[in-house]
Amino acid sequence: YIVDAKDQVVGRLATVIARVILGKHKPTYTRHADAGDFVIVLNADKVVFTRNKWNDKLYRDHSGYVGGLKTKTALEMLERHPEEILRRAIWGMTNKSSLARHQMKKLKLFTGSEHPHQAQNPQPLPAGVVRN
């Protein structure tokens, strides 16, 4: 599937994409089996947050050493790694297992409107998958 993330709220978009990657949109969904589909997200750098989350939301990384905590705001993350905002939101909606790590490989994020997967003929996400 292909999704345009332009002017989409991060959390709401992440829930829809997580459902498709995990396979919960299919009647054959099983927790222990990979039944999900590939998702191509375009314009991942044009997502929006509600309220003042660009300055208030913090992303933390720890190196494992004492004093190794690095903290970035969402605005700093947008400048350096814009696709990482959506990737972390979707990862937060999966169960942390080896299957989830495998399913996250089905997520392809791009900052522009071009992608190298034209040969796979991706289809837009159907309206039945997206719940309002």
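This is a short selection-by-selection tour of a predicted model.

**Stop 1: the parallel sheet**

Select β1, β2 and β5. These three strands make an open sheet, ordered β1-β2-β5, with parallel pairing. Color residues 2–4 and 107–109. These are β1 and β5, the edge strands, and each of them pairs on one side only. From one strand to the next, the twist averages 20 degrees.

Now zoom to residues 39–42, which form β2. β2 runs parallel to β1, and three bridges join the two. For one pairing to display, pick Val3: its bridge partner in β2 is Val41.

**Stop 2: the helices across the sheet**

Keep the sheet on screen and add residues 10–22. This is helix α1, which lies across β1, β2 and β5. Its direction is at about 155 degrees to β2.

Next add residues 82–91, helix α4. Which strands does α4 lie across? They are β2 and β5, and α4 runs at about 160 degrees to β5.

**Stop 3: where α1 meets α4**

Hide the sheet and leave the two helices. The axes of α1 and α4 come within 9 Å, crossing at roughly 60 degrees. That angle makes α1 oblique to α4. The crossing of α1 past α4 is right-handed.

Show side chains for the contact. On the α1 side, select Val10, Leu13, Ala14, Ile17, Ala18 and Ile21. On the α4 side, select Ile85, Leu86, Ala89 and Ile90, which the α1 group meets.

**Stop 4: the hairpin**

Move to residues 58–62, strand β3, and residues 69–73, strand β4. How do β3 and β4 pair, parallel or antiparallel? They are antiparallel, with five bridges between them. Pick His62 to see one bridge: its partner in β4 is Leu69.

Six residues sit between the strands of this hairpin. Among the hairpin's residues, select Gly64, where phi is positive, near 100 degrees.

**Stop 5: salt bridges**

Side chains of opposite charge can pair when their charged atoms come close. The structure holds six salt bridges. Three of them are visited here, one by one.

Stay by the hairpin and select Asp61 and Arg88. Their side chains form a salt bridge, 2.8 Å from N to O. Asp61 is in β3 and Arg88 is in α4, so the pair ties together parts 27 residues apart in sequence. Asp61 has 30% relative accessibility and so counts as partly exposed. Arg88 is also partly exposed, at 26%.

Extend the selection to Glu84 and Arg87. Together with Asp61 and Arg88, they are linked in a network of salt bridges.

Jump to Lys26 and Asp37. Here the side chains meet in a salt bridge at 3.0 Å, N to O. Lys26 and Asp37 both lie in the loop between α1 and β2, and they are 11 residues apart. Why is Asp37 classed as buried? Its relative accessible area is 18%, and the cut-off for buried is under 20%. Lys26, at 28% relative accessibility, counts as partly exposed.

Then select Lys46 and Asp45. Their side chains meet in a salt bridge at 3.9 Å, N to O. A salt bridge is counted within 4 Å, so this pair qualifies. Lys46 is partly exposed at 34% relative accessibility, and Asp45 is partly exposed at 25%.

**Stop 6: positive phi outside glycine**

Finish with two backbone checks. Select Asp7, in the loop between β1 and α1. Asp7 is not a glycine, yet its phi is positive, near 60 degrees. Is Asp7 buried or exposed? At 55% relative accessibility, Asp7 counts as exposed, because the cut-off for exposed is over 50%.

Last, select Arg51. This residue lies in the loop between β2 and α2, the helix at 53–56. Arg51 is another residue other than glycine with a positive phi, about 55 degrees. Its relative accessible area is 83%, so Arg51 is exposed.

Terms used: Residues numbered from 1 in each chain as written. Predicted model: local features only at pLDDT ≥ 70, side-chain atom pairs only at ≥ 80, totals over all residues. Heavy atoms only, no water. Pairing = 2+ DSSP bridges. Helix = DSSP H or I, 4+ residues; strand = E, 2+ residues; numbered from the N terminus. Axes fitted to C-alpha atoms, helices over the stretch in contact; angles between N-to-C directions. Contact = heavy atoms within 4.5 Å. Buried < 20%, exposed > 50% of the residue type's maximum accessible area, 1.4 Å probe, protein only. Parallel < 35°, antiparallel > 145°, perpendicular 65-115°, else oblique. Left-handed = near helix turned anticlockwise from the far one by under 90°.
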